[in-house]
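Student: I'd like a close look at one buried spot in this structure and at what surrounds it. Please start there and work outwards.

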Amino acid sequence: MMDEQEFVIDVHGISKSFGSKTVVKNLDMRVAKGEIYGFLGPNGSGKTTFIRMLCGLLKPDKGFGTCLGYDILKESDRIKPHVGYMSQKFSLYGDLTVRENLDFIARMYGLKKCRQAVDECIARMGLETFRNQLAGNLSGGWKQRLTLASCTLHSPKLLLLDEPTAGVDPGARRDFWDEVHKLAAEGITALISTHYMDEAERCHRLAYIAYGDLLASGTVAEMIENSGLATWSVSGKNLHDLSEKLRDMPGIQQVVAFGNTLHISGKDHAAMEKSILPYMSESFRWAKIQTNLEEVFIHLMQQVRNV
Amino acid sequence: MKSEFFSPGRFRAVVVKEFIQMRRDRLTFAMMIGIPLIQLILFGFAINSDPRHLPAVVLSADNSVFSRSVVTAMHNSSYFNVLRSVSSRAEAQQLLAEGEIQFVLTVPEQFGRRLIRGEKPVLLLEADATDPAASANAMTAFREIVSRSVYRELKGPLADLLPGEEPVTLRIHADYNPEGITQYNVVPGLMGVILTLTLVIITGLAITRESERGTMENLLSTPVKPIEVMIGKIFPYILVGYIQILLILTAAKLLFHIPMRGSLPLVFALSLLFIAANLTVGVTFSTVAKNQLQAMQMTIFFFLPSILLSGFMFPFRGMPEWAQYIGQILPLTHYLRIVRGILLKGNGLAQSWCHIWPILLFWGIVLTVGVKRYRRTLD
């Protein structure tokens with residue numbers, strides 16, 4: 001449906017194993033220019049390995065494809081100057097100041113007018129007050145902001161962000177995402193891995209990977225649609241007892257407590273309705289609601305486990 | 001992004017970064033300056049201190065003015081502490097065996113009379129040479145002590161015995177190992193030991209720290225080349241190595257009055273080789289070690305044989321053969337000989353060559369291993 005578009009990432013059949021353990025299995029991925037592409041999956045599902053393969057830190061065992069039009073197997077030296085990579089762990093120098101860190105990175109990318117580029121970057125990211133502070137002394141949110149500054153310093157065409165907002169407060173996370181959207185509007189493509197559902201919902205497109213396999217991809221709406229899940233919400237008294245009773249009923253796949261309500265979802269709509277019918281009494285209030293992403297992802301994960 | 005292979009700009013940036021980090025890391029910095037100073041003071045004064053007042057006994061069968069004069073002079077020289085006279089050879093040897101005394105002076109019968117007759121009587125000094133370094137200076141001084149004291153007594157009608165050859169024949173019995181006992185051995189040797197310790201540890205740590213803290217990952221996602229990182233990280237420590245050499249040589253001259261017979265520029269030039277070899281060992285360790293602790297352990301693994309088997313701690317020729325073979329592999333062994341040779345014997349490049357190529361060989365092999373390992377860890 002988007003054949004005519006320019007793909008920044010276009011890889012096929014990518015596999016990677018460490019020893020006998022296959023971490024990424026036969027993965028295909030296409031990311032269009034200017035897209036914010038969310039990359040989701042449980043811990044240890046191969047997201048980090050895949051991202052590292054894209055930016056040339058690891059070599060794929062199998063597969064082929066291009067990143068920014070360059071061969072990911074042979075031309076990682078040409079890819080690197082145009083990619084901004086942000087690793088999971090804070091990976092700038094804690095014993096250098098904000099300014100020194102940025103200056104160092106600028107020189108690594110061989111920027112001309114280093115000083116000017118660094119000053120502009122500090123101003124753009126609002127880091128002025130911290131410019132002479134040691135990076136190691138910054139709070140989590142500011143560290144992450146500094147890292148984003150350092151990987152956008154050289155005006156990359158592609159951002160590879162590996163769980164950039166882990167452990168950052170909601171305010172800082174929102175600022176961070178606003179920044180990413182601003183960059184996307186300028187034509188920068190971003191591949192972002194995350195565990196947060198609210199962040200996933202801010203992506204243009206998503207991919208869900210579990211234990212090396214790509215399970216689903218598409219826009220948020222497509223993902224929910226394709227899951228085929230229906231969800232009911234119920235409120236009332238003794239919800240805990242209700243959830244225990246419902247959990248093993250036919251057609252019910254997930255029972256999740258959300259404060260004073262329960263969310264019950266399942267794929268087989270008829271069976272599910274039959275199961276909850278006896279409880280549609282006056283003491284409970286039932287409503288059919290929109291399935292959310294989390295339920296979709298948990299559902300995907302359960303499927304893999306059952307296989 | 002002009003240069004495909006090596007970018008001086010990026011190299012410079014790595015060097016600048018290393019210097020800033022070195023300055024901020026007070027502990028490491030203190031270590032680099034502190035280790036040489038502490039070792040110099042400990043080893044320099046503790047080992048090198050000129051042992052004096054060594055216990056001695058006299059077994060004398062002569063009671064002439066000459067023999068008394070010799071004994072008094074020995075005592076006054078402060079090298080010997082002449083405890084008493086013994087009456088039998090067996091007693092003297094017993095004392096020596098027990099370690100009660102370090103020296104036995106034996107004066108033969110009719111020593112004084114035969115001296116006056118110009119027969120050059122024999123004076124025998126036996127030393128307990130189990131610790132050769134301990135008795136070496138006293139033995140060296142003995143010759144001078146005897147001839148002075150004897151000359152002093154050759155007055156008046158005996159003065160015509162004065163010129164020409166020595167009036168007394170000296171015999172000194174000891175397991176004399178010339179390489180092991182020179183007082184000046186220790187401080188030049190320390191230079192090699194200090195360089196080995198600090199350079200291997202610091203480079204080992206500097207690189208594993210990058211991977212341990214995760215900064216290596218970030219670094220490798222930039223266009224920087226491994227070779228730029230490597231050389232950029234090593235370069236500052238070459239300077240550190242030279243600062244240490246300067247520090248030690250200055251102390252050697254001012255504190256310990258070590259003679260410097262050979263050419264100092266040659267010492268500096270050949271030191272570069274040794275520094276490079278040690279840094280390469282550190283870098284290679286860091287490619288194998290997974291964290292800083294492992295790097296540290298590996299360093300100690302390398303450092304112990306270096307300090308024990310190189311001839312720094314023990315006389316090289318006093319070691320068992322297998323230990324000598326291991327010692328021959330280590331760069332420190334050869335560096336010690338180069339530095340001692342140049343400083344103490346005044347050796348030049350030609351005499352040093354036989355110790356240069358083993359270091360070169362060692363360096364080449366370690367470098368090959370390091371580069372191979374480094375590529376692989378990058379994947």
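**A buried loop residue and its surroundings**

Tutor: Let's start with E163(A), which counts as buried because it has 21 C-beta neighbours inside 10 Å. The word has a fixed cut-off here: a residue is buried if 20 or more other C-beta atoms lie within 10 Å of its own, exposed if 12 or fewer, and partly exposed in between, with C-beta atoms placed from the backbone. Please keep in mind that this is a predicted model, where local features need pLDDT of at least 70, side-chain atom pairs count only at pLDDT 80 or more, and totals for chains, interfaces and linings use all residues. As for names, residues are numbered from 1 along each chain as its sequence is written, while chains are lettered from A and ligands numbered from 1 in the order in which they are written.

E163(A) belongs to the loop that links β7 and α6 of chain A. Its phi is positive, about 45 degrees, even though E163(A) is not a glycine. Helices (H or I, at least four residues) and strands (E, at least two) are DSSP runs, numbered from the N terminus.

Now step back into the strand before this loop. β7(A) covers residues 158–162, and five of its five residues are buried. The cover is on both faces: L158(A), L160(A) and D162(A) are buried on one side, L159(A) and L161(A) on the other.

What lies beside β7(A) in the sheet? Strand β6(A), residues 83–86, pairs with β7(A) in the parallel sense over four bridges; two strands count as paired if DSSP finds at least two bridges between them. In that pairing, M86(A) stands opposite L161(A). Strand β8(A), residues 189–193, is also parallel to β7(A), and five bridges join the two. Here L160(A) has L191(A) as its bridge partner.

The loop with E163(A) leads on from β7(A) to α6(A). Together, β7(A), helix α6(A) (residues 170–185) and β8(A) form a right-handed β-α-β unit. Right-handed means that, with the strands pointing away from the viewer, the path from the first strand over the helix to the second runs clockwise.

For another view of burial in chain A, take helix α4(A), residues 114–124, whose buried residues are V118(A), C121(A) and I122(A). They lie on the same side of α4(A) because they cover an arc of only 100 degrees around the axis, the arc being that of the directions from the helix axis to the C-beta atoms. In general, an α-helix has 3.6 residues a turn, so residues three or four places apart point the same way. The other side of α4(A) has Q116(A), E120(A) and A123(A), which are exposed. The cover over the buried residues includes α3(A) (98–108) and α5(A) (140–152), counting two residues as in contact if their C-beta atoms, placed from the backbone, lie within 7 Å. After α4(A) comes G126(A), with a positive phi near 65 degrees.

A useful counterpart to E163(A) is N238(A), which also is not a glycine and has a positive phi, about 50 degrees. N238(A) sits in the loop between β11 and α9 of chain A. With 11 C-beta neighbours inside 10 Å, N238(A) counts as exposed.

The strand before that loop, β11(A) (residues 230–236), runs antiparallel to β13(A) (residues 261–266), with six bridges between them. One residue to find there is V234(A), which stands opposite L262(A). Both strands are part of an open, antiparallel sheet of four strands in the order β12-β13-β11-β14 of chain A. β12(A) (254–258) and β14(A) (284–289) stand at the edges with a single partner strand each, so one side of each is left without a neighbour in the sheet. Helix α9(A), residues 239–247, lies across β11, β12 and β13 of chain A and runs at about 165 degrees to β12(A). For that angle, axes are lines fitted to C-alpha atoms, for helices over the stretch in contact, and angles run from 0 to 180 degrees between N-to-C directions.

To set all this in the whole chain, chain A has 11 helices and 14 strands, and 42% of its 307 residues are buried.
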